[in-house]
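Biologist: Hi, can you walk me through this one? I'd like to start with the strands and then see where we end up.

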Amino acid sequence: MSRKTLIILGVIAALIAGGGGWYFLGNSGDSVAASRPAGASETITGHDMTMGNPKAKVVFIEYAAPMCPHCARFNNDIMPEIRKTYIDTGKVFYVFRVFPIGAPDGVAEKLARCLPKAKYFPFMDQLFHSQQQWDPEYGVQDVRGALLQQARIAGMSEDQFNACNSDTKEEATINKVASDGQAKYNITGTPTVVVNGTNVSPGMVPGLAEMRGYLDNALAGKNPR
């Protein structure tokens, strides 16, 4: 999906067999308690999936779609070094949020949420690395079957898959996360990178040098851009 592709609010995606309807952006779900990492103005919720030091002065939020090829490249090529240098060292607090660009993204997120929390990021990483095996953008016809196979690799049964895929409460929460992100950061595609409240990637996908620059600037107390 092109980084410049506009996300249309309120559009109902096609159904994936066995699941419910999907809105790319939609109505609100349940609210969750919020907290603020030290030195940062960003609101982090109990629903957020995070890595690193929650007291870090720099908060790096990524809005991504599991079926987005640009997100896969960012995850596979850029994030390993960023995680090693900034996140694992406690300098940066990382927040990952799904911003659906298609119905399979919502299903993928619901499946990831059904797994034990420790398996969330490994499963997302698995999906990004195996995109060509399940993503309809690569010509996959049986998306449900392909995602079921990915879920089985992660240890999920078909019954669990069906139950997760039918979770409309989680669906509403995912829609709210995306809607709030679009309203706050003017997201027009994925991945979108937000550093200490600034969308540093409008219209482009940051490379490693750019990401280092944004994070280093924020660590130095400067505007990330």
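Modeller: Sure. Keep in mind that this is a predicted model. Let's start with strand β5, residues 49–52, which pairs with β7 in the antiparallel sense over four bridges.

Biologist: Which residue stands opposite Val95 in β7?

Modeller: That's Thr50.

Biologist: And how many bridges join β6 to β7?

Modeller: Seven bridges, and those two strands run parallel. β6 covers residues 58–64. To find a spot on screen, look for Tyr63, which stands opposite Arg97 in β7.

Biologist: What holds paired strands together in a sheet, in general?

Modeller: Backbone hydrogen bonds, and the strands can be parallel or antiparallel.

Biologist: OK, so what's the order of the strands in the whole sheet?

Modeller: The order is β5-β7-β6-β8-β9, so five strands in an open sheet with mixed pairing. β5 and β9 (198–199) stand at the edges with a single partner strand each, so one side of each has no neighbour in the sheet.

Biologist: Back to β7. Are its faces covered or open?

Modeller: Both faces are covered. Val92, Tyr94, Phe96 and Val98 are buried on one side, and Phe93, Val95 and Arg97 are buried on the other. That makes seven buried residues out of seven in β7.

Biologist: Which helix makes a β-α-β unit with β6 and β7?

Modeller: That's α1, and the unit is right-handed.

Biologist: Changing topic: what lines the second largest pocket?

Modeller: There are 15 lining residues, and Met51, Asn75, Met79, Arg83 and Asp125 lie nearest the centre of the pocket. The volume of this pocket is about 230 Å³.

Biologist: Which element gives the largest share of that lining?

Modeller: α3 does, with six residues. α1 (69–87), β7 (92–98) and α3 (120–129) each supply at least two residues of the lining.

Biologist: And how does the lining split by class?

Modeller: Nine nonpolar, three polar and three charged residues.

Biologist: Let's do a helix. Which residues of α5 are buried?

Modeller: α5 spans 143–153, and its buried residues are Val143, Arg144, Ala146, Leu147, Leu148, Gln150 and Ala151. The cover over them includes α2 (103–114), α3, α4 (131–134) and α6 (158–165).

Biologist: Why does Gln150 count as buried?

Modeller: Gln150 counts as buried because its relative accessible area is 2%, and the cut-off for buried is under 20%.

Biologist: What does Gln150 touch?

Modeller: Leaving out residues up to four places away in sequence, Gln150 touches Phe123, Gln126, Leu127, Ser130, Gln133 and Trp134.

Biologist: And what follows α5?

Modeller: Gly155, with a positive phi near 100°.

Biologist: Now α7. Where does Ala178 sit, and is it buried or exposed?

Modeller: Ala178 lies in helix α7, residues 168–185. Ala178 counts as buried, since its relative accessibility is 0%. The C-alpha atoms of Ala178 and Phe99 are separated by 5.0 Å, although these residues are 79 residues apart along the chain.

Biologist: What about Glu171, buried or exposed?

Modeller: Buried, because its relative accessibility is 9%. Glu171 is in α7 too. The C-alpha atoms of Glu171 and Val107 are separated by 8.5 Å, with their positions 64 residues apart along the chain.

Biologist: Where's the cis peptide bond?

Modeller: The cis bond joins Thr190 and Pro191, with omega about -5°. Pro191 is in the loop between α7 and β8 (192–195).

Biologist: Which residue in the loop between α7 and β8 should I look at next?

Modeller: Try Asn186, which lies in that loop. Asn186 has a positive phi of about 55° although it is not a glycine. At 54% relative accessibility, Asn186 counts as exposed.

Biologist: And what's phi for Asn196?

Modeller: Near 45°, a positive value in a residue other than glycine. Asn196 lies in the loop between β8 and β9 and counts as partly exposed, at 24% relative accessibility.

Biologist: Last one: how many helices and strands does the protein chain have?

Modeller: Eight helices and nine strands. Of the 225 residues in the chain, 49% count as buried. Among contacts with a separation of 6 or more, 70% are between residues 24 or more positions apart.

Technical notes
Residues are numbered from 1 along each chain as its sequence is written. This is a predicted model: local features need pLDDT of at least 70, side-chain atom pairs count only at pLDDT 80 or more; totals for chains, interfaces and linings use all residues. Side-chain values use heavy atoms; hydrogens and water are left out. On a 1 Å grid over the protein atoms alone, a cavity is a set of points where a 1.4 Å probe fits but cannot get out, and a pocket is an open set with protein on both sides within 12 Å along at least five of seven lines; lining residues have an atom within 4 Å of a point. Grid points are joined across faces, edges and corners, and a volume is the space filled by probe spheres set on the points. Ala, Val, Leu, Ile, Met, Phe, Trp, Tyr, Cys and Pro count as nonpolar, Asp, Glu, Lys and Arg as charged, and the others, Gly among them, as polar. Buried means under 20% relative accessible area, exposed over 50%, partly exposed in between (1.4 Å probe, protein chains only). Contact means heavy atoms within 4.5 Å. Two strands pair if DSSP finds at least two bridges between them. A crossover is right-handed if, with the strands pointing away from the viewer, the path from the first strand over the helix to the second runs clockwise.
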